[in-house]
Amino acid sequence: MSPSLSPESSPSQRNSGRGPNGIKLTYFDWEGVAEKIRLALALGGIDFEDERVTLENWPDLKPKSRFEQLPTMKIGERSDVA
């Protein structure tokens, strides 16, 4: 079953976790560049973790992010792809 992407759902309802593919997508909690990726994964029925970042949390997360930008995608144990 593909993940539901409704904005009013909680993060645990938007996806069912990392799943067997180990995909984690990190982006702000709004439509933007990552929305195409979210939709493609959902339409493909691919299980993924949809981590949503708030503007309040971004200043703390930014220096820890690869290239200090979003979106990032982590697949398995590989380093983040920006």
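1. Let me start with Trp30: at a relative accessible area of 38%, this residue is partly exposed. Bear in mind throughout that the model is predicted.

2. Trp30 has a ring partner in Phe28: the ring centres are 4.7 Å apart and the planes sit at 10°, so this pair counts as stacked. Phe28 itself is buried, with a relative accessible area of 11%.

3. Phe28 also pairs with Trp58. Here the centres are 5.4 Å apart and the planes stand at 75°, so the arrangement is edge-to-face. This contact links distant parts of the chain, as Phe28 belongs to strand S1 (residues 23–28) and Trp58 to helix H3 (residues 58–61), 30 residues apart. Both Phe28 and Trp58 are buried.

4. Stepping back, the count of aromatic pairs comes to three. Tyr27 joins Phe28, Trp30 and Trp58 in one aromatic cluster.

5. Now for helix H2 (residues 35–43). Its buried residues are Glu35, Arg38, Leu41 and Ala42. Looking down the axis of H2, they fall within an arc of 130°, so they line one face of the helix. Lys36 and Leu43, on the other side of H2, are exposed.

6. What lies over the buried residues of H2? The cover includes S1, strand S2 (49–53) and strand S3 (72–75). S1 is also the strand that holds Phe28, so do look at the two regions together when you open the model.

7. One last backbone detail: Gly45 follows H2, and its phi is positive, near 70°.

Technical notes: Residues numbered from 1 in each chain as written. Predicted model: local features only at pLDDT ≥ 70, side-chain atom pairs only at ≥ 80, totals over all residues. Heavy atoms only, no water. Phe/Tyr/Trp six-rings, centres within 6.5 Å; stacked < 30°, edge-to-face > 60°. Buried < 20%, exposed > 50% of the residue type's maximum accessible area, 1.4 Å probe, protein only. Helix = DSSP H or I, 4+ residues; strand = E, 2+ residues; numbered from the N terminus. Arc of directions from axis to C-beta. Contact = heavy atoms within 4.5 Å.
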